[in-house]
Amino acid sequence: MGLFNSCGVAYKPAKDVDLSPTSSEFYLKANVKAPLMIGVVVKIFAWVLEMRILGKLLLYVLKANNLIYKLVGNAEIEESPVFFPSHPVEEKESEEVKLIDLDLSETEQVQEAVSCLPAWSEREVNSLNPSFHRWTIMDYSRAYHSKKTTPLTVAERFIAAVSESSKPPFNMSFFINYDVEDIMKQAAESTKRYELGKPLSVLDGVPIAVKDEIDCLPYPTTGGTSWLHKLRPCTGDASCVKYLRLSGALIVGKTNMHELGIGTSGINPHHGTTRNPYNSSRICGGSSSGSAAVVAAGLCPAALGVDGGGSVRIPASLCGVVGLKPTFGRVPHSGVLPLNWTVGMVGILAGTIEDAFIVYAAISSKLPSHQNTALPKLCFPVLNSSRPISSVTLAKYSEWFNDCSDDIRVCCSNAMDKLQKHNGWKSVEVTIPEIEVMRLAHYSTIASECSTSLSSYLEKLDSSQLGWDARVALAVYGSFSSKEYIKAQKIRNRQMYFHRKILAHADVIVSPTTGVTAYPILNGALKTGELDYINGAALVRYSIAGNFLGLPAVTVPVGYDKTGLPIGLQFIGRPWSEATLIHIACAMQALCIGDYKRPQVFHDLLSEK
């Protein structure tokens, strides 16, 4: 029987693979073989997978049909395994960036970032698009300084808006937890600082939300579950939250997320399904669904997420906001649920790239001492330079770029062409081999790490406390062997080599952020979750290099599909090249921001009522 005789592919040495545009390397599309399942079908599937004998047989069939054994587990790979996507430190002097010493305080680094921003007047900002403008961090700061409003007033409006959005007809389910008393206490302290003329930074009093995968007092960290906080109590702020507090940020609560971060839809049977502000019948994407939605809906100019497989960039793209995922190790990971320690990274969702930059400056302040030795100095982009970044090379792999819906392909192609022509930049065609292999290797890795990190908790847990789709995911996750994990790390080594060679001749790799726009939320999925591996593969198609290889990446909204749903364009950079990415993203945003559309669900917290 051929099913039980899965031979593996023998890969040629990475150094012998042709990366040129004329390469004979074959682009293998995602070979997903699994039907859409919701409701009772998900329950039956979970029960079968959890059966001792039948479950193992079904798991074998699923993994064989989806080429896990052929392309990963049984593959012959010459390269050694690489277990962490660590990158050498390369510091380059440039007029386009400002080098920042790591011994600066958080507030000093925020001020350095602000000094790099262009000095926009209120008239210039409003002239970009009089019909829609998301309030930025600088808008909040100016409003507080000028006494047009106060953090207390903004907090009151925020609380009213969240309450309104949580009820019919909206049922947006933005937050898992928000504490009115704590929010008002922070807002009162911030208001007092402004009255005394002593705000801590431009972030003082600015509402910032935190994904419920990141420790943040006084809230439990649920990870989107109904049980994890009972077994793992939150005892303090994560480093990234601590740095935001030191900058005066108004931490407004814990945002909703896909249970345990193991899905891309954001559908959560325990805490409600976060709905897309552009169309509340559509998904937000995941797993940082709530963080993307609160930014899109105007409740916060920025929010924190965690990106293990596109979990910041996917919902950012689907909700029409910016998503920035820094280089592996750039932002401290302490205080974040250790669900996937070699692929997961704290990221930022924001209404504009400038706001993402300011928050990035705050949370990259100081890192735990055991990481300091391998980190370069921070580099901030000088966005207000009279000589903007002049020479950029954009790399594009057309077969991969075009493997998306027609609306996304046309929109992203037009945006890239506009960016290139407007700035006089050049593009080069490249071949990125084994992209589908990388997706499967990443899946093997994130599955193994998540299953291992949760094992001590799951042993004590009644499975009925898990959502049905999470039960299916964890059954699959637990099926990966040490051999498959090691082979996946060999593939990581190959891909790090391929991307290093490509990025030696280009500044960034450009792609759509997702292969599809936000798809409908099915009523049958609300209580059980859903298993939609085809759409899931399309959503993560362009995200994997950022996580598996630890590369920085950013998504910028560049348009909409025929139904008005947002589309994002992604830039993947060299290690530690956040400054270049922010420069390029800022240039892309400048060409598109005038056409941004107001979401159907939107709250204005600054305008006078």
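A residue is called buried when its relative accessible area is under 20%. In this predicted model, that cut-off helps to place several residues with unusual backbone geometry. L67 is a good starting point: with a relative accessible area of 17%, L67 falls under 20% and is therefore buried. The residue sits in the loop that links α2 (52-65) to α3 (68-73). Its phi is positive, about 70°, even though L67 is not a glycine. To see what makes this worth a look, it helps to recall that most residues other than glycine have a negative phi.

E434 offers a second case. Here, too, phi is positive, at about 60°, and the residue is not a glycine. E434 belongs to the loop between β13 (426-429) and α17 (435-458). Its relative accessibility is 14%, so E434 counts as buried.

The peptide bonds bring further exceptions to a general pattern, since most peptide bonds are trans. The bond from L217 to P218 is cis, with omega near 10°. P218 is placed in the loop that runs between β4 (207-211) and α9 (228-231). Another cis peptide bond connects G286 with S287, and its omega is about 10°. S287 lies in the loop between β7 (279-283) and α11 (289-296).

Helix α22 shifts the view from loops to regular structure. This helix covers residues 578-592, 15 residues in total. From the first C-alpha of α22 to the last, the distance is 21 Å, which is close to the 21 Å expected at 1.5 Å a residue. How many residues of α22 are buried? The count is 13 of the 15, so the helix is largely enclosed by the rest of the structure.

The cysteines complete the picture. A disulfide is a covalent bond between the sulfur atoms of two cysteines. The structure holds 0 disulfides. C300, for example, takes part in none: the nearest cysteine sulfur belongs to C216 and is 12 Å away. A pair must have its sulfur atoms within 2.5 Å to count as a disulfide, so a distance of 12 Å rules out C300 and C216. C300 is also buried, with a relative accessible area of 2%. C379 is likewise in no disulfide, and the nearest cysteine sulfur, that of C116, is 11 Å away. With a relative accessible area of 17%, C379 is buried.

Technical notes: Residues are numbered from 1 along each chain as its sequence is written. This is a predicted model: local features need pLDDT of at least 70, side-chain atom pairs count only at pLDDT 80 or more; totals for chains, interfaces and linings use all residues. Side-chain values use heavy atoms; hydrogens and water are left out. Helices (H or I, at least four residues) and strands (E, at least two) are DSSP runs, numbered from the N terminus. Buried means under 20% relative accessible area, exposed over 50%, partly exposed in between (1.4 Å probe, protein chains only). The expected span of a helix is 1.5 Å times one less than its number of residues.
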